[in-house]
Amino acid sequence: MSNLYIRLPSHIAAEGLQPGMPLYCHFAIASNAGAIEREGVAALPELAEPVKRAQRVVLLLAASDVTLLRVKMPPLSGAKLRAALPNLVEDRLMSDPEECVVVAGEMHGGMRTVAVVSRNWLELLVRTLQALGARSIAAIPSQLCLPYQEGAVTAAVAEHGVEADIAIRMAEQDGIGLSIVADQPEALAFEAMQSLFAVVPTAPVVLYVPPSRVRDYQESLHIAPAMEQRITLHADTWQRWVAGAGKTGVDLMAGLGGGGGPKFDWKPWRWPLIIGTAVLLVNVIGLNVDWLRAKREAAALSNGMIQTYRSAFPKDPVVIDPLAQLRQKMAGAQRDSGQLAPDDFVALTAAFSEAWSTTGQGAAPVAGLEYRDRSLTVKLKPGSSVSMEQLSTALASRNLSITQPSAGVWQIRSGK
């Protein structure tokens, strides 16, 4: 994946992105390692394809469109810092802080570098790029992308016809921008030199200019020997801007609440999602059909059981659970005919007595018997030491189970 870098001219801050107005920008496509794959000048609509393919679109905002302030502030972080920033810079701005995007960099020497840019312009620019298919956008002040040199000022000139944008890095965390207009393109080099000489009257300057215009700028230096002594010319390259963009530490998109963050591209997943939804819908319909069929079968079976019960016992007025009621009827019939149910008191007592006799112990340890809820409770005398394991085996052979809910108490139930 590659990244797309765009150097924007300064006049868009005032003129905006009007329909039909071509906005020409210097651009470069670079790999994640910083190798330049392609560069040139094109209008924004012509960059639609590179914007769609780019992993990230990095906007190098013109230095004259971004105000950098050095602000001393307490060590705040997160939401508190974002809430305090407009109030901390309000007295140093000519416009309402609510109309600006204000983003702070990291703390250096007890002060922060605060970048300020027009909110309406940045939002319009982001919407334009997102309409072209941008997935992730970063907006960086171009003056902070310039290399910093101790004891010298670094500057770079970007030309757009008879206009030029000059980005100047005054210090490690500070920089300004100039926008100049010349009567003719040939005079632009000299005008840029004079403006730069006026802004930086004493310090040495390292100036980067377009490669095709290096000779014109050298000739302009010869006209003014004072400038020639302090200004060192170099041909500008995209490698320098790409390397500097990754070290600025200030991204103005953070002031838009993540409006330029990565956006998931749903287009490649459109057909898999459609097919998955169709398969899910078919399965849901199939499950509902099976459930309705099973429900009808259960209702038919229940109705058949109720009809069978009523035909066998027509005098019962209410039939709630025909199977349970039939079992009660069968147990009652067995008792009426003299047969004992496996969980009757007599049956449980007789089976317990038989099992007890097989253990070879007398009746002395048994304190009493109690029958409740179809179970036989055997209470032992205090101090009795009777093993339940041998008795449990004898009861299991008679389809009975034994438990000990508390000390000295056994509970015997039928397994049938």
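## A buried aspartate and a cavity

D165 is buried (under 20% relative accessible area, with a 1.4 Å probe and protein chains only). D165 has no salt bridge (a side-chain nitrogen of Lys or Arg within 4 Å of a carboxyl oxygen of Asp or Glu). R7 is the nearest side chain of opposite charge, 7.0 Å away. Here Lys and Arg count as positive, Asp and Glu as negative; His and the chain ends are not counted.

This is a predicted model: local features need pLDDT of at least 70, side-chain atom pairs count only at pLDDT 80 or more, and totals for chains, interfaces and linings use all residues. Residues are numbered from 1 along each chain as its sequence is written, and side-chain values use heavy atoms, leaving out hydrogens and water.

D165 sits in strand 10, residues 163–171. Q325 belongs to helix 10, residues 322–336. Strands (E, at least two residues) and helices (H or I, at least four) are DSSP runs, numbered from the N terminus.

Contact means heavy atoms within 4.5 Å. The table leaves aside neighbours within four places in sequence.

| Residue | Contacts |
|---|---|
| D165 | L8, P9, S10, A62, S64, A156, V157, A158, H160, L178 and S179 |
| Q325 | Y309, D316, V318, V319 and I320 |

Why does Q325 count as buried? Its relative accessibility is 15%. Q325 and Y309 are 16 residues apart in sequence, and their C-alpha atoms are 8.7 Å apart in space.

D165 also helps to line the largest cavity. R7, A62, S142, A158 and D165 lie nearest its centre, among 14 lining residues.

Terms used:
Buried means under 20% relative accessible area, exposed over 50%, partly exposed in between (1.4 Å probe, protein chains only). On a 1 Å grid over the protein atoms alone, a cavity is a set of points where a 1.4 Å probe fits but cannot get out, and a pocket is an open set with protein on both sides within 12 Å along at least five of seven lines; lining residues have an atom within 4 Å of a point.
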